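Visitor: I have a structure open in front of me. Could you show me how to read a few of its features?

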Amino acid sequence: MLVYVISMLMVGLGAYALMLKENLIKKMIGLGIMSNGIHLFLISVGYKIGGVAPILKQAGLEYLATHSVDPVPQALVMTSIVINISITAVALSLIIQAYRKTGTIEADKLRSLRG
Amino acid sequence: MDSFYGLMTLLITAFVIPVVSLKTEKLAPYIAVASSFVAFILSTTTAFTVFREGIQVQQMEGWPAPFGITLAVDHLSIIPILLVSAVGFLVILFSFRFISRRKTEYYSITLLLLGSLMGVLHTGDMFNLFVFLEISAITSYILVAFKKEKESIEASIKYLIINSISTSMILLGIALLYGALGTLNMADLALEMSAISDTFMPISMGLILSGLAIKSGFVPFHTWLPDAHPAAPSPISAILSGLVISVGMYAIIRVSSTVYSSYAVVFNMLIVLGVISMTVGALMALMQHDLKRMLAYSSISQMGYIGMAVGMATPLGLAGGIFHLINQAIIKSLLFLCSGVIIHKAGTHDMRKMGAKFSSFTAGVFLIGVLSLAGLPFFNGFSSKLLIYIASFNAFPLLTVIAVVTSAITAAYGIKAFVLIFMRNTGKSSITGMPLTMQIPLAILAMLCILLGIIPGIGESLAGFAVSNLNNMPYIRAVLGG
């Protein structure tokens with residue numbers, strides 16, 4: 001139960017940084033914390049304390065059904081981590097470009113756009 | 001399922017282009033045009049198969065349904081598949097002469113964007129939907145920042161931040177779904193969903209649908225759209241405004257009608273969001289002086305129409321919504337491509353400062369687009385809006401009044417734009433010929449506007465087909481096999 005609370009706290013903290021911090025790098029750190037919170041949540045959905053790896057060779061089918069860790073969330077999290085890396089790479093390169101063009105990475109100074 | 005190979009063609013050629021371009025950049029446009037044309041042909045043959053034989057299902061790598069990834073094309077998803085492949089092909093053909101620099105990046109990433117949109121339309125798996133939505137989002141960020149100007153980079157950062165919140169919400173919703181039901185296949189989820197009542201289900205529904213609502217630009221979540229869509233090069237604006245938000249809307253219809261079919265509250269939310277987007281979008285569009293910004297707000301307004309119609313949840317409303325989805329994509333890509341020509345010639349985005357002489361072809365095509373947008377009779381916007389009016393009149397007559405008034409506002413800003421751009425020939429710049437590769441897409445899209453207006457039966461029967469099959473039992477049976 002504690003791990004769910006922690007993961008939701010991470011999501012909340014990340015969302016706070018992503019939305020309310022003005023520094024773009026801090027926003028990106030917030031995005032990282034938020035998605036890692038979701039990943040932690042997803043992993044703990046399929047986790048069992050004292051669970052074994054779901055490999056059929058070592059144990060019988062019935063033993064695995066009760067004792068193994070669910071492998072699907074881990075596969076999902078791997079995919080999601082890769083996606084997050086790409087997003088972070090694109091975001092940081094955009095921030096570099098923004099710094100070169102405007103000389104600032106503070107969102108409130110950058111904003112010449114209307115809603 | 002042929003269109004799956006179309007999807008693979010798009011994705012593979014997206015990576016072939018950079019390799020080929022190591023030698024010479026000249027080949028990139030040809031490869032892109034050929035690949036998107038192949039995708040269009042394959043989607044068309046799939047469309048015939050779907051209408052003849054019903055839902056087409058493909059299990060990836062032969063894993064049976066709830067375990068592997070399922071690709072399914074049914075009567076609902078074939079319409080956006082046709083739209084994406086056809087409009088995508090026309091837009092790439094238009095870019096042929098329009099984009100003169102950094103062709104490798106442009107064509108490679110555009111094909112990746114089109115391929116990921118096709119992926120969203122094909123998939124029958126929630127997590128796969130998320131992955132393809134993320135690919136389309138990342139490629140959109142890159143293409144919005146393509147010009148590398150101050151405005152486009154800022155718009156792209158803003159788009160990235162708001163869209164990251166949306167995708168995180170979708171992922172969290174999917175995590176809750178998996179935690180509660182232990183499956184991610186949409187058909188399997190629908191079966192499990194009707195069996196249990198879990199307190200987490202409304203939360204996951206709220207997270208996923210608000211995430212998708214951000215992606216399709218409904219009003220409280222729209223703030224990224226009027227910055228991001230105009231900042232991109234014009235062909236990309238056409239893809240973003242015509243296809244990307246339509247695919248977001250498709251995802252809303254798919255998720256709400258297949259997975260969360262037992263929760264009626266979704267549809268009431270869609271009506272509220274739709275009416276707000278419709279009016280606010282139209283009013284904001286009326287106040288703009290920037291041509292592309294006006295068109296972007298107009299997209300929000302049109303998405304509002306679609307949301308309201310789908311929210312009625314009656315067969316007529318859904319048919320109207322899906323028909324308007326088709327028309328919106330055609331009209332908006334036509335107008336954005338046209339705005340590319342206009343802005344290129346006038347050298348400014350500001351409609352008040354445009355005084356150049358334009359060819360009568362540009363003016364005619366733009367006029368057709370504007371009149372269709374406003375919903376004049378004999379143009380396609382009219383036939384779908386008529387369905388929406390009738391559907392909303394049957395449910396809530398007040399909404400019909402709002403929709404008609406909004407149409408009048410739409411006509412007002414459309415005519416204002418036309419008058420400002422074309423009726424004041426103060427400039428002295430001479431008329432230069434437009435390349436054929438730019439004329440053909442504009443002409444085809446304009447003809448489609450008129451064709452669907454004169455013979456609305458085509459679109460109505462397509463949309464009707466989609467709606468009559470929206471009952472999710474055939475879908476579940478086809479996917480799970482049994």
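Guide: Helices (H or I, at least four residues) and strands (E, at least two) are DSSP runs, numbered from the N terminus. Ile444(B), for instance, lies in helix 17 of chain B. This is a predicted model, where local features need pLDDT of at least 70, side-chain atom pairs count only at pLDDT 80 or more, and totals for chains, interfaces and linings use all residues. Residues are numbered from 1 along each chain as its sequence is written, and side-chain values use heavy atoms, leaving out hydrogens and water.

Visitor: Is Ile444(B) buried or exposed, or somewhere in between?

Guide: Buried means under 20% relative accessible area, exposed over 50%, and partly exposed in between (1.4 Å probe, protein chains only). Ile444(B) is partly exposed, at 33%.

Visitor: How many disulfides are there over all chains?

Guide: A disulfide is a pair of cysteine sulfur atoms within 2.5 Å. The count here is zero over all chains.

Visitor: Why does Cys338(B) have no bond to its closest cysteine sulfur?

Guide: Because that sulfur, in Cys449(B), is 11 Å away, too far for a bond. Cys338(B) is buried, at 0% relative accessibility, and Cys449(B) is buried with a relative accessible area of 0%.

Visitor: And how do I size up an interface?

Guide: Interface size is often given as the accessible area lost when the parts come together. Buried area is that loss (1.4 Å probe), summed over both parts. Between chain B and chain A it is about 3100 Å², with carbon and sulfur atoms giving 79%. Counting contacts (heavy atoms within 4.5 Å), 35 residues of chain B touch 37 residues of chain A.

Technical notes. Chains lettered and ligands numbered in written order. Buried area = accessible area lost by both parts, 1.4 Å probe.
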